[in-house]
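The following note sets out, point by point, what may be said about the model shown below. It begins with one loop position and then turns to the chain as a whole and its charged side chains.

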Amino acid sequence: YSTAYHLMENKVFPANTDIEETIDLYLQLCCLEITSDSGAIVAATLANGGLCPLTSEAIFSPTAVRNSLSLLRSCGMYGRSGQWAFDVGLAAKASVAGSIMIVIPDVMGIMLHSPALAKHGYSVRGGTFSSTLAAQFQFSESPNSTLNKSCPVKSPNSESKQVQVTNLIIAAMKGDMPLLIKYYEMDINFNWKNYDGRSALHYGVIGGHLNVVRFLVNKCEVDTQVQDKWGNTPLDEAIRRSY
């Protein structure tokens, strides 16, 4: 409170700002909890100009994206923000819980988590990873930069069939229901198979995800008798693993 009133006395806040409401909003925002997955989606959405890369839905306005990235660059890494800009050069936000969210315009968003903190208040390993990443790939902070064109952000709608098959298989193996639901809404063919002839249902069984198996069978109505290149069906995999 003392810092907020000090800032108000020095006319940092706009005229007629309700300081109590401002502090209340700040404290509420400080209490928000996110996972590494959801944080990565937020970062990727900012990197994608405000469009969620999973749904292609406009989440943030261009002005909100610009202002958010400006704050991340100027003060996202606490008192180390200036040095971070020189050493890493990427828009980032640190958390005292050990997380670092990184936004690389037109490329990707990253969420790191490693609890051990450096003296400046951000993750030690997260900082090391970020420095190595920036040195290895030489990303540019400028949107549409030619340095970033080698790996542009894409929505699921723009993925090739091969990429969709790979992502579908991984989602089934890991039990990633949000991505499976998203592919279902996009009318993706859930009977696609990989190079081993295995389908998403095979990998849902192999991963031991009953919710995935039920979703694929009941909702997606996949072929339950599909065989891989060894002649095994999803049921054979379940029996083999004593499910």
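1. His209 lies in the loop between α9 and α10, the latter helix spanning residues 210–219. The structure is a predicted model, and the remarks on this position and on those that follow should be read accordingly. Setting aside residues up to four places away in sequence, His209 is in contact with Ala172, Met173, Lys174, Gly175 and Gly204. For Ala172, which is 37 residues away from His209 along the chain, the C-alpha separation is 7.9 Å.

2. As to secondary structure, the chain contains 11 helices and three strands. Their order along the sequence is α-α-α-α-α-β-β-β-α-α-α-α-α-α. The chain is more spread out than a compact globule, because its radius of gyration is 22 Å, well over the 18 Å that the globule rule gives for 243 residues. Along the principal axes, the C-alpha atoms occupy a box of roughly 75 × 40 × 35 Å.

3. Burial and contacts may be taken together. Among the 243 residues of the chain, 39% count as buried. Of the contacts with a separation of 6 or more, 50% are between residues 24 or more positions apart. The exposed surface of the chain is about 14500 Å², and 56% of this is supplied by carbon and sulfur atoms.

4. With regard to charge, the chain carries 19 positive and 21 negative charges, and the mean positions of the two sets are 8 Å apart. In the whole structure, six salt bridges are found.

5. One of these salt bridges joins Lys182 and Glu185, with 3.0 Å between the closest N and O atoms. Both residues belong to helix α8 (residues 177–185), and because they are three residues apart there, about one helical turn separates them. How do the two partners stand with respect to solvent, buried or exposed? Lys182 has a relative accessible area of 18% and is therefore buried, the cut-off being under 20%. Glu185, at 53%, is over the 50% limit and so counts as exposed.

6. Glu237 deserves a point of its own. This residue is part of helix α11, which covers residues 234–240. Its relative accessibility is 0%, so Glu237 counts as buried. Beyond its neighbours within four places in sequence, Glu237 touches Arg198, His202, Val205, Ile206, Asp228 and Asn232.

7. Which side chains meet that of Glu237 in a salt bridge? One is Arg198, at 3.4 Å from N to O. This pair links distant parts of the chain, since Arg198 sits in the loop between α8 and α9 (200–206) and Glu237 in helix α11, 39 residues apart. Arg198 and Glu237 are both buried. Another is Arg241, whose salt bridge with Glu237 has an N to O distance of 2.4 Å. Arg241 has a relative accessibility of 31% and so counts as partly exposed, whereas Glu237 is buried at 0%.

8. These pairs belong to a wider arrangement: a network of salt bridges links Arg198, Asp228, Glu237, Arg240 and Arg241. Within that network, Asp228 is also among the residues in contact with Glu237.

How values were computed. Residues numbered from 1 in each chain as written. Predicted model: local features only at pLDDT ≥ 70, side-chain atom pairs only at ≥ 80, totals over all residues. Heavy atoms only, no water. Helix = DSSP H or I, 4+ residues; strand = E, 2+ residues; numbered from the N terminus. Rg over C-alpha atoms; globule rule 2.2 N^0.38 Å. Buried < 20%, exposed > 50% of the residue type's maximum accessible area, 1.4 Å probe, protein only. Contact = heavy atoms within 4.5 Å. Areas by Shrake-Rupley, 256 points an atom, 1.4 Å probe, with all protein chains shown as cover. Lys, Arg positive; Asp, Glu negative; His and termini not counted. Charge placed at Lys NZ, Arg CZ, Asp CG, Glu CD. Salt bridge = Lys/Arg side-chain N within 4 Å of Asp/Glu carboxyl O.
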